[in-house]
Amino acid sequence: MQNVDDELGYKPKIRSPLSVNSEVGSLSDQLAKWMKIEGEATEEGASETPCEVDGSNDQHFYSRHFWSIYNLTKGTLGGAMNELRDRFQGPEWELTKDGRDGSKANSPELRATHRSTGHTVFAVWRSNRSGGNVDLINFIVESRCYEAPRPK
């Protein structure tokens, strides 16, 4: 059995789940500003999820925020994806995927990792959806694994 550090490839920092959730939520807010669009966004917030690694002591988590933007009143989803692509090619980010998601619809997908924090972003443009569903961009914003402080 490997230890957590070896399996993850880094040593998880001890961090407050509320702090990491807030950080991930702030990143989601920043993404919304970068896209230069206005529309409706889902309201769910970030929450902690177990990091399911061998050797874990059940104190290892990552923060994940699922959200979408749809029913635009300003801008286009294609333009929003282009704005994200431009940001993800900057010095703070590494664009790890710019292609199709492999689904039946073969939707455009961007994936990026923040160089200093290790946070990841997955953005998928769901267009021309069956059943008359509205076009939208789905997001998953995730932190790296961290170790929650032990109760005293």
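Let us start inside this predicted model, at a cysteine: Cys-51 is buried, with a relative accessible area of 8%. What does Cys-51 pair with? A disulfide joins Cys-51 to Cys-145, with 1.8 Å from S to S. Cys-145 has a relative accessibility of 12%, so with a limit of 20% for the buried class this partner counts as buried too. The structure holds one disulfide, and you are looking at it. As a reminder, such a link is a covalent bond between the sulfur atoms of two cysteines. The torsion about the S-S bond is -115 degrees, which makes the link of Cys-51 and Cys-145 left-handed. Cys-51 sits in the loop between β2 (47-50) and β3 (60-74), while Cys-145 sits in the loop between β7 (136-142) and β8 (146-147), so the bond ties together parts that are 94 residues apart in sequence.

Now step back to the whole chain. How many helices and strands does the protein have? There are three helices and eight strands. Read from the N terminus, the order of the elements is α-α-β-β-β-α-β-β-β-β-β. The C-alpha trace spans about 50 × 35 × 30 Å along its principal axes. Of the 152 residues in the protein, 38% are buried. If you take the contacts with a separation of 6 or more, 60% of them are between residues 24 or more positions apart.

Cys-145 also leads us to the largest pocket, which holds about 220 Å³ of space. Fourteen is the number to keep in mind here: 14 residues line this pocket, and the closest to its centre are Lys-13, Arg-15, Thr-117, Arg-144 and Cys-145. The lining divides into five nonpolar, four polar and five charged residues.

Arg-144 takes us on to His-119, since Arg-144 is among the residues that His-119 contacts. Where along the chain is His-119? Its place is in the loop between β5 and β6 (120-126). Is His-119 buried or exposed? At 5% relative accessibility, His-119 counts as buried. The side chain of His-119 makes a polar contact of 2.7 Å with the side chain of Glu-23. Beyond its neighbours within four places in sequence, the contacts of His-119 include Val-24, Leu-27 and Trp-93, along with Ala-112, Thr-113 and His-114. Glu-142 and Ser-143 are also in contact with His-119.

Next come two places where a strand and a helix meet other parts of the chain. Asn-138 is found in strand β7 and is partly exposed, with a relative accessible area of 25%. Which side chain does Asn-138 join in a polar contact of 2.6 Å? The partner is the side chain of Ser-68. Not counting residues up to four places away in sequence, Asn-138 touches Trp-67, Ser-68, Phe-122, Ala-123, Val-124 and Arg-126. From C-alpha to C-alpha, Asn-138 and Ala-32 are 12 Å apart in space, with their positions 106 residues apart in sequence.

Glu-83 gives a view from a helix: this residue is found in α3 (residues 77-88). Its relative accessibility is 23%, and Glu-83 counts as partly exposed. Leaving aside neighbours within four places in sequence, Glu-83 is in contact with Trp-34, Met-35 and Lys-36. The C-alpha atoms of Glu-83 and Leu-31 are separated by 9.4 Å, although the two residues are 52 residues apart along the chain.

Finally, have a look at the backbone. Most residues other than glycine have a negative phi. Which sign does phi take at Asn-71? Asn-71 has a positive phi of about 45 degrees although it is not a glycine. This residue lies in strand β3 and, at 35% relative accessibility, counts as partly exposed. Asn-106 also has a positive phi, near 55 degrees, in a residue other than glycine. Asn-106 is placed in the loop between β4 (93-100) and β5 (108-114), and with a relative accessible area of 35% it is partly exposed.

Key
Residues are numbered from 1 along each chain as its sequence is written. This is a predicted model: local features need pLDDT of at least 70, side-chain atom pairs count only at pLDDT 80 or more; totals for chains, interfaces and linings use all residues. Side-chain values use heavy atoms; hydrogens and water are left out. A disulfide is a pair of cysteine sulfur atoms within 2.5 Å. Helices (H or I, at least four residues) and strands (E, at least two) are DSSP runs, numbered from the N terminus. Buried means under 20% relative accessible area, exposed over 50%, partly exposed in between (1.4 Å probe, protein chains only). A polar contact is a pair of N or O atoms within 3.5 Å; within protein, one must be able to donate a hydrogen and the other to accept it, and residues adjacent in sequence count only if both atoms are side-chain atoms. Contact means heavy atoms within 4.5 Å. On a 1 Å grid over the protein atoms alone, a cavity is a set of points where a 1.4 Å probe fits but cannot get out, and a pocket is an open set with protein on both sides within 12 Å along at least five of seven lines; lining residues have an atom within 4 Å of a point. Grid points are joined across faces, edges and corners, and a volume is the space filled by probe spheres set on the points. Ala, Val, Leu, Ile, Met, Phe, Trp, Tyr, Cys and Pro count as nonpolar, Asp, Glu, Lys and Arg as charged, and the others, Gly among them, as polar.
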